[in-house]
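Biologist: I am new to this structure and would be grateful for a close look at a single part of it. Please set that part within the chain as a whole.

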Amino acid sequence: MSARRAAAELTIAVLDNGRAFDEALDETKSFSALEGRDRAFARALASATLRHLGGIDAILAQFLTKPLPESAVAARAILRTGAAQLLVLRTPPHAAVGESVTLANAHRGTAGFAKLMNAVLRKVAQEGPALMAAQKPGADLPAWLFTRWRAAYGDETAAAIAAALHAEPPLDLTAKDDADALAAGVQGALLATGSIRLSSPPSGVEALEGFGDGAFWVQDAAAALPAKLLGDVRGKRVLDLCAAPGGKTLQLAAGGAHVTALDRADDRLTRLRESLARTKLDAEIVCADALAWTPAEPFDAVLLDAPCSSTGTLRRHPDVAWLRRPTDIAALADLQKRLLARAADFVTPGGALVYAVCSLEPEEGPSIIAGAGPAWRRDPITAEEIGDAGFVTSDGALRTLPSHWPDRGGLDGFYAARLKRV
């Protein structure tokens with residue numbers, strides 16, 4: 001019951017209190033108190049609830065004569081996580097229903113809903129799996145988001161993206177130097193793009209061979225591609241804008257660049273400092289707002305991984321779908337335009353800039369580059385640079401989708417384009 005209570009409280013932290021799931025994991029006391037299998041179960045249950053929330057809510061609505069009161073936050077969370085056990089984790093009905101009702105009865109604020117939960121969850125156990133199987137593509141997502149994807153990519157691709165978000169993603173690593181040796185050491189698969197993929201990762205990445213020696217860092221295969229677009233950076237002065245948590249900084253430093261890593265959030269830069277120490281790599285770290293900061297001299301190259309809606313990362317962060325709002329897209333696009341314009345002052349004439357976002361929204365990718373202005377000209381990328389022709393668009397940009405590589409576990413959605421400073 002402790003694990004189920006923690007899972008319910010994690011969903012409350014995200015859905016009712018607006019906390020990112022990773023933050024909720026750190027801040028929820030009932031979860032922090034768990035260990036071993038209970039801790040893993042609580043996290044898996046909360047993640048499954050967020051990953052399938054739209055479909056779960058639709059099924060629960062069919063068995064509720066009227067919606068729960070807005071104030072019934074804890075009861076709603078227990079009902080949702082109970083349904084997730086039945087529909088997603090395939091927990092035996094007697095355990096999922098019984099433990100959910102026991103959890104409700106344990107607290108005054110939810111005890112009044114215990115009988116209702118018992119009746120509803122029993123119906124979910126009996127009829128829910130068939131109802132879930134019959135749901136249309138995108139049922140697990142906010143309607144506004146899936147509608148955007150259908151408009152941008154077409155019904156078939158949007159459905160494939162939505163389906164790809166159902167599975168927990170594999171673990172991807174970036175090697176500091178010898179990718180072949182790392183792949184052999186951790187028993188992973190070396191991907192065409194250069195990342196190492198573990199389909200069955202250990203419970204803690206610290207247990208992997210080479211972690212203590214700084215032989216690798218965790219980085220989705222798609223997230224590792226933008227830094228590659230700067231080519232050979234040996235001896236070059238490279239600025240990593242909006243650098244935290246730092247995977248791209250580590251890539252550039254491992255490639256021999258003299259890296260300056262800039263981010264406005266000092267707490268996020270702490271993780272980068274720790275990663276640099278563990279991998280024994282060097283970078284100058286600057287805590288500043290990129291829109292207000294001025295370097296002493298321009299750089300040979302700039303990597304701008306701009307703040308974005310992060311809708312390409314829902315495989316790893318299903319909470320993003322429920323934390324974002326339609327109005328966020330326009331606000332973030334405005335910030336991205338300003339960052340790209342400001343970056344023109346950071347690059348020496350003839351130097352390169354790679355603009356990247358982990359977003360699936362066209363306004364944050366192609367539209368930003370289309371309006372880049374006279375300071376820049378496009379420098380198309382090639383399939384040979386990244387290892388997969390399917391990721392190169394007709395105008396020479398990079399576009400990965402969660403539905404790519406369905407037989408290998410997918411990857412995050414990224415957009416990137418390379419520009420030259422005029």
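**A strand and its neighbours**

Modeller: In this predicted model, buried residues account for 52% of the 422 residues in the chain. The secondary structure comprises 19 helices and 12 strands, and from these I have chosen strand S9, which covers residues 347-357.

Strand S9 is mostly covered, since eight of its 11 residues are buried, a term that stands for under 20% relative accessible area. Two strands pair with S9, and each may be taken in turn. Strand S8, residues 299-305, pairs with S9 in the parallel sense over six bridges. Within that pairing, Ala301 has Ala352 of S9 as its bridge partner. Strand S12, residues 414-421, runs antiparallel to S9 and is joined to it by six bridges. Here Ala352 stands opposite Lys420 of S12. Ala352 is thus a convenient residue at which to begin viewing, with Ala301 as its bridge partner and Lys420 of S12 opposite. As a general point, side chains in a regular strand alternate between the two faces of the sheet.

The wider setting is as follows. Along its principal axes, the C-alpha trace spans about 70 × 45 × 40 Å. The radius of gyration of the chain is 23 Å, which agrees with the value near 22 Å that a compact globule of 422 residues would have. Of the contacts in the chain with a separation of 6 or more, 69% are between residues 24 or more positions apart. The chain exposes about 18700 Å², of which carbon and sulfur atoms supply 51%. Its side chains include 46 positive and 50 negative ones, and the centres of these two sets lie 5 Å apart.

Terms used: Residues numbered from 1 in each chain as written. Predicted model: local features only at pLDDT ≥ 70, side-chain atom pairs only at ≥ 80, totals over all residues. Heavy atoms only, no water. Buried < 20%, exposed > 50% of the residue type's maximum accessible area, 1.4 Å probe, protein only. Helix = DSSP H or I, 4+ residues; strand = E, 2+ residues; numbered from the N terminus. Pairing = 2+ DSSP bridges. Rg over C-alpha atoms; globule rule 2.2 N^0.38 Å. Contact = heavy atoms within 4.5 Å. Areas by Shrake-Rupley, 256 points an atom, 1.4 Å probe, with all protein chains shown as cover. Lys, Arg positive; Asp, Glu negative; His and termini not counted. Charge placed at Lys NZ, Arg CZ, Asp CG, Glu CD.
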